[in-house]
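Open the model in your viewer and keep the selection tool at hand. We will go stop by stop.

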Amino acid sequence: MLRCEAECDPSFKQVIPYVLVEHKPTRRFFMTTRIGGEERLKGQASIGLGGHLDDGEDVVDALFRELEEEIGLAKDQMSEIILRGYINSDLNEVDSVHLGVVYHAYTDREDISCLESDKLVGGWFTIHELKEARLSGHMESWSAICFDDLLDKEGEK
């Protein structure tokens, strides 16, 4: 199915790798805010990076490509990548046509920034700062789900 058709058809969910990136030494997470691109997500904060699969790609190939494109993080700059689960939500128009495959990646690299500066701004945030963004209602739905189910519980440890 063509992507332009799939974006409007909830009977066909597009698989999206969605990666939480943690700076291992400081336990901070990379969070972005969308300023361009997908109109339905503009102004929303995200603790996940990722995007659509290109022709012939599997989820893992797309995960590595997206991290390289969005923040310049190469495969060999991650110490560990863990599959954390899946998101199948129909909370809104965007969720209803996507299925998230959620990963948690760890890196020691701190000099990361958004390379797609026309679409995203971002930086490193503590669990407490993420919680503030979550409570303010500025997180997009998948980030809110990940924060509630994965990170908020870890922050209490």
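Start with the cartoon view. This is a predicted model. Its secondary structure comes to four helices and seven strands. Trace the chain along the sequence and you meet them in the pattern α-β-β-β-β-α-β-β-β-α-α.

Now switch on the surface. The accessible surface comes to about 8,100 Å². Carbon and sulfur atoms hold 52% of that area. Of the 157 residues, 48% count as buried. Contacts often reach across the sequence: among those between residues at least 6 apart, 70% join residues at least 24 apart.

**Stop 1: the cores**

Hide the surface. Select Leu20, Met31, Ile47, Leu130, Met139, Cys146 and Leu151. These have the most contacts inside the largest nonpolar core, a set of 19 residues. Colour β1 (14–23), β2 (28–34), α3 (127–136) and α4 (141–155); each supplies at least two residues of this core. Which element gives the largest share? That is α4, with six residues.

Apart from this core lies another, of 18 residues. Select Val19, Ile71, Tyr103 and Trp124, which are among them. As a general background, nonpolar side chains tend to be buried together in soluble globular proteins.

Go back to Leu130 and show its surroundings. Beyond four places in sequence, Leu130 touches Phe29, Met31, Ile47, Phe125, Met139, Phe147 and Leu151.

**Stop 2: the aromatic pairs**

How many aromatic pairs are there to find? The count comes to two.

Select Tyr18 and Trp142. Their ring centres are 5.2 Å apart and their planes stand at 90°, so the pair is edge-to-face. Tyr18 is in strand β1 and Trp142 in helix α4, 124 residues apart, so the pair links distant parts of the chain. Are these two residues buried or exposed? Both Tyr18 and Trp142 are buried.

Next, select Phe30 and Trp124. Here the ring centres are 5.4 Å apart and the planes are at 80°, so this pair is edge-to-face. Phe30 sits in strand β2 and Trp124 in strand β7, 94 residues apart. Phe30 has 1% relative accessibility and counts as buried. Trp124 is buried too, with a relative accessible area of 13%.

**Stop 3: salt bridges**

Show the charged side chains. The count comes to nine salt bridges. We visit three of them.

Select Asp90 and Lys13. Their side chains meet in a salt bridge, 2.9 Å from N to O. Asp90 lies in the loop between β5 (78–87) and β6, and Lys13 in the loop between α1 (3–6) and β1, so the pair ties together parts 77 residues apart in sequence. Asp90 is exposed, at 58% relative accessibility. Lys13 is partly exposed, at 24%.

Move to Arg28 and Glu110. Their salt bridge is 2.1 Å from N to O. Arg28 is in strand β2, while Glu110 is in the loop between β6 and β7, 82 residues apart. Arg28 is buried, with a relative accessible area of 19%; the cut-off for buried is under 20%. Glu110 is partly exposed, at 42% relative accessibility.

Now select Arg65 and Asp54. The closest N and O atoms of this salt bridge are 3.2 Å apart. Arg65 lies in helix α2 (residues 59–71), and Asp54 in the loop between β4 (49–50) and α2. The two are 11 residues apart in sequence. Arg65 is buried at 17%, whereas Asp54 is partly exposed at 41%. Add Glu57, Glu66 and Glu69 to the selection. Salt bridges that share partners join Asp54, Glu57, Arg65, Glu66 and Glu69 into one network.

**Stop 4: a buried charge**

Select Glu116, in the loop between β6 and β7 (120–125). Glu116 is buried yet has no salt bridge. Which side chain of opposite charge is nearest? It is Lys119, 4.4 Å away. The cut-off for a salt bridge is 4 Å, so this pair does not count as one. Beyond four places in sequence, Glu116 is in contact with Glu69 and Glu70.

**Stop 5: two single residues**

Select Arg27, in the loop between β1 and β2. Its phi is near 60°, a positive value in a residue other than glycine. Arg27 is partly exposed, at 37% relative accessibility.

Finish at Leu99 in strand β6 (residues 98–107). Leu99 is partly exposed, at 24% relative accessibility. Val15 is 84 residues away in sequence, but the C-alpha atoms of Leu99 and Val15 are 4.8 Å apart. Beyond four places in sequence, Leu99 touches Lys13, Gln14, Val15, Ile16, Ile87, Asn88 and Trp142.

Notes: Residues numbered from 1 in each chain as written. Heavy atoms only, no water. Buried < 20%, exposed > 50% of the residue type's maximum accessible area, 1.4 Å probe, protein only. Contact = heavy atoms within 4.5 Å. Areas by Shrake-Rupley, 256 points an atom, 1.4 Å probe, with all protein chains shown as cover. Lys, Arg positive; Asp, Glu negative; His and termini not counted. Core = buried A, V, L, I, M, F, W, Y, C linked by side-chain atoms within 4.5 Å. Phe/Tyr/Trp six-rings, centres within 6.5 Å; stacked < 30°, edge-to-face > 60°.
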